[in-house]
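Please look over the sequence and the structure below before reading on. The paragraphs that follow move from one part of the fold to another, beginning with a glycine.

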Amino acid sequence: MKFRLPNQQARSGLDELQNHVIDEFLAGRIDRRGLLRHGSAYGISAALLGGMIGEAPGRALAAGVEGATIRVSITAPSTAINPVVAGDTGSLCMLQQAGEFLLFDNPKTLRLEPMLATSWKSSRDGRVWTFTLRKGVKFHSGGTMTADDVVYSLARLADPKNGSNALSTFKGVLKPEGVVKVDDHTVAFHLEAPNGNFAYLVSSDNYNAIILPKGSVAADYEKTFDGTGPFRLDAYTPGRGASFVRNPAWWGGKVMPARTEFGFYSNQQSQVLALQGGQVDVIQQIVVQGAQGLLHDPSVKILNIRSSNHREVHMRCDKPPFTDKRVRQAVALTLNRPGIVHALFGGLSDLGNDSPFAPIYPSTNTSVPQRHRQIARAKHLMAEAGLAHGAEVTLTTEQVQEIPDYAVLIQNAAAEIGLKINLKIETSAAYYGKATFGNSDWLDSTMGITDYGHRGVPNVFLTAPLESGGSWNAAHFNNKTYDKLVADYIATVDLTRQREYSGRIERLLLDETPIIFAYFYNYLAATKKTVSGVVVTGMSQVFLQHATVA
């Protein structure tokens, strides 16, 4: 491919960090994918990046006509829709129907795109990030969005007093007083420590981070769904569904559907039957298990996105038999990962290598060898740990998608090395409990399997479940060397150095193995063949502003 180099005038408009990304690409230290992903993270325009690699600008035209009603089946929200505390897939999908983010993380290109912010840049050390806001954006309630609304919305999420679900993202990164209004259309984020990936933390990757009017009450959100998005609330019935109509004042231009309708479903089987029976046009998410018929149905279109969605198999480092890392390593060595991916996902998944660094991340260090099944080695490790005659443990998990089948595969594999695993499979409500240590089977179990949704960067996966004192540290892993490496990785703004740190983190986690990351599965959604323009993300979001029906 022939690359078109930006001229001196174009580069003179970039800051030092943005020019450094281009220099790294020209020197061959990052590839085309790294240029696009890293360049967008630091606010290099899509036009300049696309020009360098010969991409044509513009959006594909809709394949159908405007004015349709798009009917969507989604997972039923588990609680009231509250932008501060929402955390389940149904709730977050509802949030983004009316609400919008500063940036959009494009699920296909893995690049950040402008949304309510038109441009953004970082200080050279990654400690201060400045965003320029789009002018003239209207809330559904009539007011004009300004920096005051952005400060209010994001400072509220960063405040521990509010119990925000987004604290998993902002803890140790951003304090409320760090969100600062520069002028009516500029907001600066002064971080607790340098962070090379901060732009992703205020993008659609952080599903709580929709921008709402200053003074709005999060607990009352269901009454209005006030936001800046392409759709306005028509009706909402808790436990049943919601409907929206297009917003003629949307800053983004023409909204193609006249109306969208969401039905709340409790299981995948009923969603599949609804699509096949013509009751809905879109299913928010499917998994291969139970939806095999859709994968080969000529009347159905499958939306397939590589993602960082995964399951974490934690082993408590402070409870036997997992106090000895050789036992944890042995369990990981029993797994036939390609076989698991084939059995559970029909191959629609990437292999995991027992760290949060999914293959989709440009900062993943691919020089680290892939862990594979080694039964003889696993038996030897068990013997070295004094467990040649085996041990017994309970694996606790939730009744969600393929997880129970995965638990059985782990149970059978571990039996080959004398580890007897008893399964305790619960409802999600029972498994998560109060989601605090001492009040949660998830965080208190000796061994467990937990579902984790997609993130555009690995920061949350590196911190909350693995850092000493992390809020989701079900493995009770405590390693100061790891903590320092993660802090260094997060602070680094240079992709080449990020890969150096990620390699060290990956090797440390292969040695310690507090958590098994066996796979990162593709996000799948389904639509009727006649429906076009639906955009889904690995976060279970469904964007419909360009959707049409032929």
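In this predicted model, Gly-386 adopts a positive phi of about 80° just after helix H14. Helix H14 itself spans residues 375–384, and its buried residues are Ile-375, Ala-378, Leu-381 and Met-382. Because these four residues cover an arc of only 120° around the axis, they lie on the same side of H14. Among the elements that cover the buried residues of H14 are helix H12, residues 325–333, and strand E16, residues 419–426.

How far the model can be read in such detail depends on its confidence. The chain has an average pLDDT of 91, and 90% of the residues score at least 70. Over residues 56–61, however, pLDDT stays under 50, and for this stretch the model has one contact beyond four places in sequence.

Elsewhere in the chain there is a sheet to consider. It is open and consists of four strands in the order E4-E5-E7-E6, with antiparallel pairing. Strand E4, residues 117–122, and strand E6, residues 179–183, are the edge strands, each of them pairing on one side only. On average, and with direction ignored, neighbouring strands of this sheet are turned by 20° against each other. Within the sheet, strand E5, residues 128–133, and strand E7, residues 186–190, are joined in the antiparallel sense over five bridges, and Thr-130 has Ala-188 as its bridge partner in E7. Helix H6 packs on the sheet, where it touches E5, E6 and E7, and the direction of H6 makes about 175° with that of E6.

The interior can be approached from a general tendency: in soluble globular proteins, nonpolar side chains tend to be buried together. Here the largest nonpolar core has 75 residues, and those with the most contacts inside it are Met-94, Leu-102, Phe-131, Phe-189 and Phe-198. The element that gives the most to this core is helix H6, residues 147–158, with seven residues. A second, separate core of 37 residues includes Met-315, Leu-333, Ile-410 and Ile-449.

Which residues is Phe-131 in contact with, leaving aside its neighbours within four places in sequence? Its contacts include Leu-102, Leu-103, Ala-117, Ser-119 and Trp-120, together with His-185, Thr-186, Val-187 and Phe-189, and also Phe-198, Ala-199 and Val-202. Of these partners, Leu-102, Phe-189 and Phe-198 are named, like Phe-131, among the residues with the most contacts inside the largest nonpolar core.

Note on methods: Residues are numbered from 1 along each chain as its sequence is written. Side-chain values use heavy atoms; hydrogens and water are left out. Buried means under 20% relative accessible area, exposed over 50%, partly exposed in between (1.4 Å probe, protein chains only). Helices (H or I, at least four residues) and strands (E, at least two) are DSSP runs, numbered from the N terminus. The arc is that of the directions from the helix axis to the C-beta atoms. Contact means heavy atoms within 4.5 Å. pLDDT is the predictor's confidence in each residue, from 0 to 100. A nonpolar core is a set of buried Ala, Val, Leu, Ile, Met, Phe, Trp, Tyr and Cys residues joined through side-chain atoms within 4.5 Å. Two strands pair if DSSP finds at least two bridges between them. Axes are lines fitted to C-alpha atoms, for helices over the stretch in contact, and angles run from 0 to 180 degrees between N-to-C directions.
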